[in-house]
Amino acid sequence: MNFRFLFLALITFILNLNCNAQTIPLYVGTYTDGDSEGIYKLDFNTKTGELGKIELALKINNPSFISYTPNKKNIYAVGEGTISAINALKVNTDGSLTILNTVTSNGKGPCHVSVNEKGNKAVVSNYGGGNVSVYNLNNDGSLNEAFQVFDHNTENQKARAHSAQFYKDDLFVSDLGRNAIYQYNLKNENYQLKSEAIVEMKGNPGPRHFALTKYGQYIYIINEYGGSITSVKRTADGFKKIDEDSTLDAGYTGNNSCADIHLSKDERFLYGSNRGENSIAVFERNKETGTIYKIQNISVHGDWPRNFTLDPSGKFLLVANQKSNNISVFRIHSKNGTLSFIYDVKVHTPVCLLF
């Protein structure tokens, strides 16, 4: 018996197992008014940062934002356009997606969806309708009709609900039109408004997306119109603003619309995207005070970075560049949080990335 041959075969088998363990799926939400057909899947190597071949996971209309359940068995996709829908999807063993059911979003322009930690509720933000819809999820991941719809419109002010997130029994909603972050509390299985504006947003900054720290002590709000991040701290009496920082390079004078925001896993660094400057702004975060300090503005190597994400390993950051039809991959420096561009891949109108 050739023991050397058997030994080499065993080593190759182990290496292949390790390689497979490093590969995870990346789902890409898109707009389908051009060459795109729906949600795409690419395999991502968390050791090398390499993206594999692109495959159509599901043909579906305008899945411009997608979100997982905590157990990764289901994905929820908004459907912008004439239907204004929210779709419940099953993740199949081969990585493809199957529609479980579709229900109305109860408003025009659904642009964001998120799921709570228990995986039994979802919330959809309707930008055009200026409202948010809250849903109970069934055991198989399918959606019930919304059990609550919150309309932020008034006679004098048009609401633009842009994102919403659960935190334990709280629901926070970012309203770009009314320049406010709303807070709802869960009481007797229903959400009740606790604060119509957790902090005062002066001028017209346009709060779009926000990131919460793990224990909910701090909220970081990226402002679409203001080109800034508002830092907010939870106190015994509610919330207070502790910081306001520009996302733009000091020398940039062109138009800009901020889009997305994310914290690093260790919460030492904060990242925000600039559409116009076409950059990612990198901030170092003081974990004691919650304040942030900008340390980098780096080109996204594309046009109009609508959404970006950090991979589960925390080693890479990927950017969806809507207008230039590409996804850019960056390596994250483990010590200082700064980014280094590696490469990009072509994908039609990418607008949301989901690991």
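A residue counts as buried when its relative accessible area is under 20%, as exposed when over 50%, and as partly exposed in between (1.4 Å probe, protein chains only). By that yardstick, six of the seven residues of strand β20 (residues 257-263) are buried, so β20 is largely enclosed by the rest of the structure. Keep in mind that this is a predicted model, where local features need pLDDT of at least 70, side-chain atom pairs count only at pLDDT 80 or more, and totals for chains, interfaces and linings use all residues. Residues are numbered from 1 along each chain as its sequence is written, and side-chain values use heavy atoms, with hydrogens and water left out.

**The whole protein**

- The protein has one helix and 28 strands; helices (H or I, at least four residues) and strands (E, at least two) are DSSP runs, numbered from the N terminus.
- For 355 residues, a compact globule would have a radius of gyration near 20 Å, and the 21 Å found here agrees with that. The radius is taken over C-alpha atoms, and the globule rule is 2.2 Å times the number of residues to the power 0.38.
- Laid along its principal axes, the C-alpha trace spans about 85 × 45 × 40 Å.
- Of the 355 residues, 54% are buried.
- Take the contacts (heavy atoms within 4.5 Å) with a separation of 6 or more: 46% of them come from residues 24 or more positions apart.

**Surface and charge**

- About 16,200 Å² is exposed, with carbon and sulfur atoms supplying 48% of it; the areas come from the Shrake-Rupley method with a 1.4 Å probe, and for residues only the protein chains shown count as cover.
- There are 36 positive and 34 negative side chains, and the centres of the two sets lie 5 Å apart. Lys and Arg count as positive and Asp and Glu as negative, leaving out His and the chain ends; each charge is placed at NZ of Lys, CZ of Arg, CG of Asp or CD of Glu.

**Paired strands**

- β20 runs antiparallel to strand β21 (residues 269-275), with five bridges between them; two strands pair if DSSP finds at least two bridges between them.
- Cys-258 sits opposite Asn-274 of β21.
- Five residues separate the strands in the β20 and β21 hairpin, and Glu-267 there has a positive phi near 65°.
- Strands β6 (residues 85-91) and β7 (residues 97-104) are also antiparallel, joined by seven bridges, and Ala-85 has Thr-104 in β7 as its bridge partner.
- That hairpin has five residues between its strands too, with Gly-95 at a positive phi near 95°.
- Strand β10 (residues 131-136) is antiparallel to β11 and shares four bridges with it; Val-132 is partnered with Phe-150.
- In β11 (residues 148-151) the side chains alternate: Gln-148 and Phe-150 point to one face and are buried, while Val-149 and Asp-151 point to the other and are not.

**Loop residues to look at**

- Thr-247, in the loop between β19 (238-246) and β20, has 0% relative accessibility and so counts as buried.
- Leaving aside residues up to four places away in sequence, Thr-247 touches a list of residues including Cys-258 and Asn-274. Gly-227 is 20 residues away in sequence, yet its C-alpha is 5.6 Å from that of Thr-247.
- The loop between β23 (292-299) and β24 (305-310) holds His-301, whose phi is near 55°, a positive value in a residue other than glycine. His-301 is partly exposed, at 39% relative accessibility.
- Trp-304 lies in the loop between β23 and β24 and has a positive phi near 75°.
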